Amino acid sequence: MDRSDITLERIRTFVRVAERGNLSVVARELNVGQSSITRHVRELEEALGVALLSRTTRRVTLTEEGSRYYANVVQILRLVEQATDEARSAQGAHAGTVRISCTAALGVRHVSRLIFAFQDRYPEIAVDLSLTDERIDLIREGVDIALRLGPLADSSMKLRAIGQSQRVLVASPAYLARHGRPTTPEELKGHEGVRMSNIAGSEDLVLERAGGRRYVVPFGGRLQFDHGLAAREAFAAARGFGPAHIWLVDDLLADGRLETILPDHAPPAVPLNMLIAPERASIARVRLLVEFLAEELPRIPGIRRSRAEN
């Protein structure tokens, strides 16, 4: 084989396999047989004269040469896609896919409906919404936009501050009827907490009162979750009390299935930010979704718009 056998199709297949780490997963995503994926990678390796992947019965991993090749070609593919998108945009076309990653509970409760509204406005734009609470690498995963709650360490990404996600302490009427309604932070010590295992420092409950006074209360309980929707179910099932983003429980508060306790003491708000892959920010369809989300996200219950966005 010669250089003419190093095609974009084979490179794209290799990149997909490198990112997914599994031939059969990529075959399902592309709706082709696994033999086709294997053949594309083998033909690319033969054309290059090096082994790019190390294969086992369960997983494929990058060789040293494969890692270097991936780092180079993934940027080439991004540039090819960006050039194609810019050419289409010059003709007023926005067709294509925008890939967005969002924390799972926020995505299920609210962002998915925003995506529906966005596609009603721009039906030619496809959206790939990935729901995960993991801090993914946008470039490696091929994601255009990520919505993240909490502190950020992604200094290489373009950042759009959306606002602060307000939180409250909640419990169900049935729980309060059985265990009593606390009237001070100190009285929380004897109550059953519903904790989040994927949040650092969740063994302490931090509360702030208007005027700046801060309370730190030991926070324990027999239930611990790594997903906000599971905690929501636990609150509604009278399994305990705990802090919750308003957007997570706004409907349960409205219909009386949950109540706010210690309304004068609130857990600190959590920043909500939008990250954009820098090389994707100028693509028309990505810009359209960024602007749409920046306008609509602060309208979600409990999201207080950042001052910079006022």
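## Domains and nonpolar cores: worked exercises

In this predicted model, the domain assignment divides the protein chain into domain 1 (8–81), domain 2 (92–161 + 271–305) and domain 3 (167–268).

**Exercise 1.** State what distance separates the centres of domain 1 and domain 3.

*Solution.* Taking the centres over C-alpha atoms, one finds that domain 1 and domain 3 are separated by 47 Å.

**Exercise 2.** Describe the largest nonpolar core, and determine which helix and which domains contribute to it.

*Solution.* Begin with the membership: the core has 45 residues, and those with the most contacts inside it are Ile-145, Trp-247, Met-274, Leu-289, Leu-293 and Leu-297. Next, assign the core residues to helices, which shows that helix α10 (residues 284–296) supplies the largest share, seven residues. Finally, turn to the domains: at least three residues of this core come from each of domain 2 (92–161 + 271–305) and domain 3 (167–268). Another core, of 19 residues, lies apart from this one and includes Ile-37, Leu-44, Leu-52 and Val-74.

**Exercise 3.** Decide whether Leu-114 is buried or exposed, and find which residues it contacts beyond its neighbours within four places in sequence.

*Solution.* First locate Leu-114, which lies in helix α5 (residues 104–121). Its relative accessibility is 12%, and because buried means under 20%, Leu-114 counts as buried. Then, with the neighbours within four places in sequence left aside, the contacts of Leu-114 are Phe-292, Leu-293, Glu-296, Leu-297 and Ile-300. Among these, Leu-293 and Leu-297 also belong to the residues with the most contacts inside the largest nonpolar core.

How values were computed:
Residues are numbered from 1 along each chain as its sequence is written. This is a predicted model: local features need pLDDT of at least 70, side-chain atom pairs count only at pLDDT 80 or more; totals for chains, interfaces and linings use all residues. Side-chain values use heavy atoms; hydrogens and water are left out. Domain bounds come from an automatic or database domain assignment. A nonpolar core is a set of buried Ala, Val, Leu, Ile, Met, Phe, Trp, Tyr and Cys residues joined through side-chain atoms within 4.5 Å. Buried means under 20% relative accessible area, exposed over 50%, partly exposed in between (1.4 Å probe, protein chains only). Helices (H or I, at least four residues) and strands (E, at least two) are DSSP runs, numbered from the N terminus. Contact means heavy atoms within 4.5 Å.
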